[in-house]
Amino acid sequence: MKKMILAMAAVLFSVVAFSQEVPTSDSSLKQYTGTYKFPEGSVVAEIAVLIDGGSLVMSASAGTSPLEKREEDLFFIVQFQGTAKFNRDANRKVVGVTINAMGYVLEGTRTEGALTWLVRKNINERLPEKICR
């Protein structure tokens, strides 16, 4: 009897430990990905929100930061000790973001998918190399 209880405890311990180590990917994060543009004169012109390793990441000229989900549409911006609140339209589609970090409040509008932004960024970074050759 003791061996059976010990074996069950070992199996339970293994399952709990394994479930904590495996990151769960949240397919609902995809709805937040894209490029968000801010008004002219803002500290940051635009940001890209991407999924990296099953988590959201925000990238801008000021730097890159993981986003930690706090509640629906509200994320903590780890590197900048602030928040990103995603805004929705009447159809519940994500159409913008409000960034509150480091003493700044920025209102951004979603303009295109993050993949398009990433491809455009990579092309623009490599373009000078092609011209110089």
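These questions and answers walk through one predicted protein model. Residues are numbered from 1 along each chain as its sequence is written, and side-chain values use heavy atoms, with hydrogens and water left out. Local features need pLDDT of at least 70, side-chain atom pairs count only at pLDDT 80 or more, and totals for chains, interfaces and linings use all residues.

Student: In what order do the elements run from the N terminus on?
Tutor: Helices (H or I, at least four residues) and strands (E, at least two) are DSSP runs, numbered from the N terminus. The protein has 2 helices and 8 strands. The order is α-β-β-β-β-β-β-β-β-α.

Student: What percentage of the 133 residues is buried?
Tutor: Buried means under 20% relative accessible area (1.4 Å probe, protein chains only). Of the 133 residues, the buried share is 29%.

Student: Which strand gives the largest share of the largest nonpolar core?
Tutor: A nonpolar core is a set of buried Ala, Val, Leu, Ile, Met, Phe, Trp, Tyr and Cys residues joined through side-chain atoms within 4.5 Å. This one has 21 residues; Ile47, Leu67, Phe86, Val97 and Ile99 touch the most other members. Strands E2, E3, E5, E6 and E7 each supply at least two residues. The largest share, 4 residues, comes from E7.

Student: Which residues of strand E7 (94–101) does Ile47 touch?
Tutor: Contact means heavy atoms within 4.5 Å. Leaving out residues up to four places away in sequence, Ile47 touches Gly34, Tyr36 and Met58, among others. Strand E7 spans 94–101. From that strand, Ile47 touches Val97 and Ile99.

Note on methods: Buried < 20%, exposed > 50% of the residue type's maximum accessible area, 1.4 Å probe, protein only.
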